[in-house]
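Please examine the structure shown below. The paragraphs after it lead through its architecture and then turn to a metal site.

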Amino acid sequence: MSPPSNNAARERLRIAIQKSGRLAEPARALLAACGLSWRESRDRLFCYGESLPIDLLLVRDDDIPGLIADGVCDLGVVGRNELDEQAGERARNGLPPAYRELRPLGFGACRLMLAIPEEWEWRGPEQLQGLRIATSYPAILSSWLDVRGIEAGVVELSGSVEIAPKLGTADLICDLVSSGATLAANHLKPVETLLESEAVLAGPVRDYDDARAELMAMLLRRMDGVLKVKDNQLLMFRAPAESVDALAKLLRDAEPLTRLPINDDGSLNLQTMHHGAVSWQLLEELERAGARNLMVLSVERSLA
Ligand code: ATP
Ligand code: ZN
């Protein structure tokens, strides 16, 4: 069966996500928070959308950009590192862009970094001239080197990049780093960041003009409603009117206070959307400044 082309009108939207790995669960959780549900199939490669005509394809993350480029899938949840690498490879082969980043998704954060042997002293990119760099991201690395006019050998490896210096196949590496523990275990130290990455929603270069356009708009609106309030907490309390200014000053990471009707005792009901979790320490400070009946509620979604 040949894959349907990007132009073929379709009634349903198809989203590719990682089958298993770092992005698999957070991607599913995000889509579920957007109101999507699926009937799981036996092979678990294709999940038929039940609540909406939006289906899932469970694949390797490396395949996601290509599936969008070929029009097999309409959207994908994939690391920016993978998306940019394959876009760079297409550009180097003279191919036009075939997808674009629609939204950063706030999970799967990592950096594509250069890492050198611990005992080296880092004096800047010029030092790379003539050296061999092992990486799974040759396109991103090559254009980074090109921009700086550095000629270095790019040794493409599909995995276990961090052991290349020890094996003598390269002098240093360019790889994804999150905690840095893997680098440290291999006696390497990170020195330059080539890319700040996170999971992103990738989609087609052009908008659809069939039923998918409306589905996509709805999904994006819902996703924005989930992402906007992700990590936010609603804080509610009461306080005497004269304490409100002092309390507002304590709430540095929150929206301006909303004042609700006055209570019988003359105190005010107040609420605010707090960016990030409300700590116990902040609650205690607010209490000392006159707040009572403090309550923290988790926020799931919002529609502006
Ligand atoms: P697949 O079987 O789907 O090909 P994989 O081994 O290529 O899986 P994972 O290791 O699950 O992929 O990583 C998926 C994505 O998670 C990466 O492309 C990257 O965007 C992100 N990520 C976050 N932190 C890290 C990290 N420390 N190392 C590697 N990837 C990370
Ligand atoms: Zn992969």
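In this predicted model, five strands assemble into an open sheet whose order is β9-β8-β10-β7-β11, with mixed pairing. The edge positions belong to β9 (153–156) and β11 (188–197); each has a single partner strand, and therefore one side of each remains without a neighbour in the sheet. On average, neighbouring strands of this sheet are turned by 25° against each other, direction ignored.

Strands of a sheet are joined through backbone hydrogen bonds, in either a parallel or an antiparallel sense. For the edge strand β11, the pairing with β7 (residues 110–117) is antiparallel and extends over eight bridges. Within this pairing, Ala115 has Pro190 of β11 as its bridge partner.

Two helices may be considered in relation to these strands. Helix α3 (residues 80–92) lies across β7, β10 (172–177) and β11, and runs at about 75° to β11. Helix α4 (residues 138–147) lies across β7, β8 (132–135), β9, β10 and β11; its direction makes an angle of about 100° with β11.

The discussion now turns to the metal site. Which residues coordinate the zinc ion (ligand 2)? The coordinating residues are Asp61 and Asp62, each through OD, at 2.0 Å. Why is the arrangement around the zinc ion (ligand 2) classed as irregular? The four donor atoms subtend angles of 72 to 177°, whereas a tetrahedral assignment would require all angles to lie between 85 and 135 degrees. As for solvent accessibility, Asp62 has a relative value of 30% and therefore counts as partly exposed, a class that lies between buried, under 20%, and exposed, over 50%.

How values were computed:
Residues numbered from 1 in each chain as written. Chains lettered and ligands numbered in written order. Predicted model: local features only at pLDDT ≥ 70, side-chain atom pairs only at ≥ 80, totals over all residues. Heavy atoms only, no water. Donors = N, O, S within 2.8 Å, 3.2 Å for Na, K, Ca; no water. Tetrahedral: all angles 85-135°; square planar, octahedral: opposite > 155°, others 65-115°. Buried < 20%, exposed > 50% of the residue type's maximum accessible area, 1.4 Å probe, protein only. Pairing = 2+ DSSP bridges. Helix = DSSP H or I, 4+ residues; strand = E, 2+ residues; numbered from the N terminus. Axes fitted to C-alpha atoms, helices over the stretch in contact; angles between N-to-C directions. Contact = heavy atoms within 4.5 Å.
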